Structure formats: C-alpha cells, structure tokens
Amino acid sequence: MKHMVKILSLALCAAVLLSLPALAAGNTPLISPAPDSAAEAPVEPLAPVQVWGTVTKMESGSLLISNSANGNTGLSEVVVHLREGTPCVDAVTGLPMDMSKVKDGDTLYAWVGPAMTMSLPPQTSAVVVVGNIPADYKAPQYYEITEIVPTATIAIYPAPERTEVKLKVAGGQELTVPMTAKISPWLTKNIVTVDDLVPGSQALVWSDKDGKVEKVLLLPYAYKGYMTADKSGEVRLNGELLEVRGRMLKSEDLERLYLPLRAAAEAAGYEVKWVDGKGAVVLENGTEIFSVLPGSNVAKTPDGEERGLLGGCVIDQGVTYLPTDDLAHLLNLYFRAVSSQNA
C-alpha cells in the first residue's frame with residue numbers, strides 16, 4: 001500500500017501539554033514561558049468522510065464503492081477496507097449486518113478516513129458501514145461527539161427537567177438529542193442514556209423526516225476518558241476540574257500549553273515512576289504503558305516502538321512536561337482544546 005496522506009485534525013494539534021515532576025537531578029530550564037498571545041483559538045476536528053453507492057466486492061475482502069457522494073468529496077471510487085471489529089449495521093434494525101450476504105451492486109453507506117492513500121482509486125479504512133437500506137428510507141448518520149454544549153442555568157427550584165441535550169460533533173455541527181430518543185449500545189446489553197454521549201463517543205443517529213433525533217446507536221467507547229483544556233491552563237478530566245494547571249511554554253520557537261506529566265497521568269488513574277536511563281515511566285495496573293526522557297522527541301513503548309511527539313519532552317524547574325495533546329494520546333484520553341470552560 002502506498003504512503004498514507006494523513007489529514008490530521010488540527011484540534012488534536014492544539015497546543016496543550018501534560019507533565020510529571022522529574023525525579024532526576026537538574027533544574028536547568030529547557031523551556032521558557034510563552035507570551036499570552038501564543039495561544040490560538042481551537043480548531044474543529046475533521047469528521048470522517050461519508051461515501052455511499054453501489055459496491056463491488058474484492059478478493060481481499062475489501063469493498064470498491066462507486067461513490068454517489070462524489071459531488072461532495074471529489075472521489076468517484078473508493079476502496080474501503082474493513083478492519084476487524086468494524087461495525088457493519090443494518091439500517092432498519094440497528095443490528096449487525098451479515099457482510100457475507102452483500103452482493104455486487106448492493107448499496108452501502110460508509111464513513112471512512114479522513115486519511116486516504118494517494119493511489120487511484122484511493123484506499124481507506126471504514127469507521128462504520130451501514131447497509132440493507134430500503135428505497136426512499138432515510139439512512140442513519142454517523143457522528144463523532146467533540147463537546148457537550150452547556151445549558152443555561154436558571155435560578156428555579158426545583159430545577160426544570162431536561163428535555164434535550166445539545167452536542168457538538170466533528171466537522172463543527174451541532175446535534176440535538178431529545179430525552180425521548182431511544183439510546184442503545186452496540187453489541188451489549190448495557191443500559192446507556194444521553195449522559196453516555198460524552199466527548200470521544202461515536203454514534204449512528206436515526207432522525208425523522210423533520211430532522212428530529214429518534215434513535216441513537218452508541219458504538220464502543222475507544223478511550224479511557226476525555227480531557228479538555230483552555231489557554232488559561234484550566235484542565236478538566238471527564239468534566240471534573242483538576243487541580244493540575246497547564247502552562248504556556250515555548251520550545252523550539254513553538255508555544256504550547258504544557259501540563260506536569262506525573263500530576264496529569266496520576267489524575268487519569270495511571271502510576272508514574274522514574275527509572276534511570278528511561279526517564280518517566282507510566283504504568284497502568286503495574287504494566288508499563290510508555291516511557292519518555294526529558295529532551296526526547298519520542299515516547300517508547302515496552303515493545304520498543306517509538307511514538308513521535310508533536311512537542312518534545314521538556315523540563316522546567318525540576319518538573320517534566322509533555323504537550324497535552326501528546327500526553328492525552330499516550331494516556332488514551334480523548335482530548336479537545338476549548339476557548340473557555342468556566343463552570
């Protein structure tokens with residue numbers, strides 16, 4: 001397969017960092033405070049691309065979709081790879097669809113990428129596939145939730161019951177889910193509600209002819225939790241304000257928001273220790289997840305894999321720091337930079 005052209009969400013490149021008090025000697029600053037003007041406004045993350053059309057099954061098990069959404073994407077054909085565990089959903093029932101019964105000429109919807117190869121036709125992996133769509137049937141739509149929109153507080157007691165929840169989704173749109181909507185999980189019998197629609201969640205949404213949400217299929221949550229941070233350094237984990245605060249720091253002429261690695265990792269439920277020659281070692285239930293040395297531009301996993309960092313691991317006044325987006329990724333936290341998050 002040819003090199004992937006990765007369309008990286010700028011929101012994941014928002015300048016924010018997490019850190020850890022270094023136990024090694026040395027207080028020489030490797031970073032300097034950045035001016036307040038260094039903080040940039042958050043950028044909306046890119047949404048997966050929707051493709052739909054008739055299908056030709058390939059010997060590899062992948063799907064060649066003649067893209068009827070070509071006018072929106074510029075792609076007339078797309079090779080869609082189905083990774084193990086990719087949700088393939090019946091549009092009517094919301095249940096798993098037997099992909100072995102899909103025939104050439106059937107119509108499928110798929111949300112893919114946004115990373116694609118430069119080959120012709122381009123190749124990409126599916127996030128979710130929807131099929132068995134009757135004629136004139138309004139197919140469900142896929143969304144990635146990025147933010148819960150706060151509701152205005154009214155000084156009334158008792159407080160009025162909620163009638164709906166407003167969410168921001170990848171691509172910058174807003175999704176309103178009424179409390180009457182049916183919320184169900186994918187392939188489990190767990191009880192889920194609108195309160196489970198948190199940042200990082202992925203969902204298929206069925207709406208009526210007027211666009212009102214009627215049903216939501218909540219896909220498995222891919223993260224340990226979610227984190228937000230604003231340019232003032234205020235950080236929240238799963239919606240709760242942390243005592244840990246970020247600092248805008250300058251490294252290699254780039255200004256980013258940094259957090260102490262140890263404090264942030266421990267707040268997320270990890271353990272941190274210092275090991276000579278490895279630096280800060282982050283563990284989950286006693287198992288090493290990654291390690292990183294101050295001055296390094298990579299984090300290392302126990303199997304020797306090196307993961308490049310958008311910003312290097314730095315030390316300031318005896319405290320080890322990582323960029324927040326880097327650290328959130330390493331800790332398997334969904335991260336989003338926000339303009340302000342005053343409660």
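Biologist: In this predicted model, among contacts in the protein chain between residues at least 6 apart in sequence, what percentage join residues at least 24 apart?

Modeller: The contacts considered here are those in the protein chain between residues at least 6 apart in sequence. The part of them that joins residues at least 24 apart comes to 60%.

Biologist: How many helices and how many strands does the protein chain have?

Modeller: The chain has 343 residues, of which 46% count as buried. Its secondary structure comes to three helices and 29 strands.

Biologist: Why do the rings of Y258 and Y321 count as a pair, and is that pair stacked or edge-to-face?

Modeller: The structure holds six aromatic pairs. The centres of the Y258 and Y321 rings are 6.3 Å apart, and ring centres within 6.5 Å make a pair. Because planes over 60 degrees apart count as edge-to-face, the angle of 75° between these two planes makes the pair edge-to-face.

Biologist: Which strands does this pair link, and how many residues apart are Y258 and Y321?

Modeller: Both tyrosines are buried, and their pair links distant parts of the chain. Y258 belongs to strand β21 (residues 254-260) and Y321 to strand β28 (residues 319-323), so that, by the numbering of the chain, the two are 63 residues apart.

Biologist: Which residues do ring pairs link into a cluster?

Modeller: Aromatic pairs in the structure number six. Ring pairs also build a cluster, and its members are W52, Y109, W111 and Y142.

Biologist: Over the ring of which residue does the charged end of K224 sit?

Modeller: One lysine, K215, lies over the face of W206, at 4.2 Å from the ring centre. For K224, the charged end is 5.0 Å from the centre of the ring it sits over, which is that of Y270.

Biologist: Which residues have the most contacts inside the largest nonpolar core?

Modeller: The largest nonpolar core has 31 residues, while a second, separate core of 17 residues includes I65, V78, M97 and V129. Not counting residues up to four places away in sequence, F290 touches residues including A280, V282, L322 and L331. Inside the largest core, the residues with the most contacts are L261, F290, V292, L322 and L331.

Biologist: Is C313 buried or exposed?

Modeller: The cut-off for a buried residue is under 20% relative accessible area. C88, at 10% relative accessibility, is therefore buried. C313 has a relative accessibility of 1%, so C313 counts as buried.

Terms used. Residues are numbered from 1 along each chain as its sequence is written. This is a predicted model: local features need pLDDT of at least 70, side-chain atom pairs count only at pLDDT 80 or more; totals for chains, interfaces and linings use all residues. Side-chain values use heavy atoms; hydrogens and water are left out. Buried means under 20% relative accessible area, exposed over 50%, partly exposed in between (1.4 Å probe, protein chains only). Rings of Phe, Tyr and Trp (its six-membered ring) pair if their centres lie within 6.5 Å; planes under 30 degrees apart count as stacked, over 60 as edge-to-face and the rest as tilted. Helices (H or I, at least four residues) and strands (E, at least two) are DSSP runs, numbered from the N terminus. A charge sits over a ring if NZ of Lys or CZ of Arg is within 6 Å of the ring centre and within 35 degrees of the ring normal. A nonpolar core is a set of buried Ala, Val, Leu, Ile, Met, Phe, Trp, Tyr and Cys residues joined through side-chain atoms within 4.5 Å. Contact means heavy atoms within 4.5 Å.
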